[in-house]
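Visitor: Got a minute to walk me through this one?
Guide: Sure, pull it up and ask away.

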Amino acid sequence: MAARTVTRADLSEAVYQEVGLSRNESADLVESVLNEISDALVRGEMVKLSSFGSFSVRQKGERIGRNPKTGEEVPILPRRVLVFRASHVLKNRINASLSRSSG
Amino acid sequence: MTKSELIARLAAANPHLYQRDVERIVTTIFDEITNALAAGDRVELRGFGAFSVKRRGARIGRNPRTGESVQVSEKFIPYFKTGKQLREKLNSGG
């Protein structure tokens, strides 16, 4: 399996190639997209991106954890966690291409 | 927030762009992430999070109703790990 890592720079480059804005503006827009999504999640909203997936925020209660090294009990405080659910379109795309190449 | 609400927000913040272009920007970004994952690549967006693909090996499953064994073939699942900065922002009381 390829071990390439795609970063913001690659996303900006794609926007630059596809939309024809300047490189700087393409990078700014990639950032704006991520910021709008983050802000909505921080407000507690669910973010649904059709044919990609949805991000939702889940509230977790307090529980007792353990330091695996020392065995010491430590409380894990209540917190909010982000959950991503991939859409069927995305899952099917990934399985269609990867099952073929590894099978 | 849906994809169209996201596009509307970005369009409002960037009045010099056509709505059509904003749509293409959003679509391009998520297509690019999808293509990377479909190629088995990882997508790392510092501060936001990282998308990767995990392999689930073939296994013998069971129909919970009938108890019957069924062969479940290998599959790949997309996985998202929240970035440190976003995780902290979610819990900063805001």
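Guide: Let's go through salt bridges and then one helix.

Guide: Mind that this is a predicted model, where local features need pLDDT of at least 70, side-chain atom pairs count only at pLDDT 80 or more, and totals for chains, interfaces and linings use all residues. Residues are numbered from 1 along each chain as its sequence is written, chains are lettered from A and ligands numbered from 1 in the order written, and side-chain values use heavy atoms, without hydrogens and water.

Visitor: How many salt bridges over all chains?
Guide: A search of the whole structure gives 10, a salt bridge being a side-chain nitrogen of Lys or Arg within 4 Å of a carboxyl oxygen of Asp or Glu.

Visitor: What does B:D41 pair with?
Guide: A:R4, with the closest N and O atoms 3.5 Å apart. B:D41 sits in the loop between α2 and β1 of chain B and A:R4 in the segment before β1 of chain A, so the pair joins two chains.

Visitor: Is B:D41 buried or exposed?
Guide: Buried, at 7% relative accessible area; the cut-offs are under 20% for buried, over 50% for exposed and partly exposed in between (1.4 Å probe, protein chains only). A:R4 is partly exposed at 45%.

Visitor: And what about A:E36?
Guide: A:E36 forms a salt bridge with B:R9, at 3.6 Å between the closest N and O atoms. That pair crosses from helix α2 of chain A to helix α1 of chain B.

Visitor: Switching topic: which residues of α1 in chain B are buried?
Guide: B:K3, B:L6, B:I7, B:L10 and B:A11.

Definitions and conventions: Helices (H or I, at least four residues) and strands (E, at least two) are DSSP runs, numbered from the N terminus.
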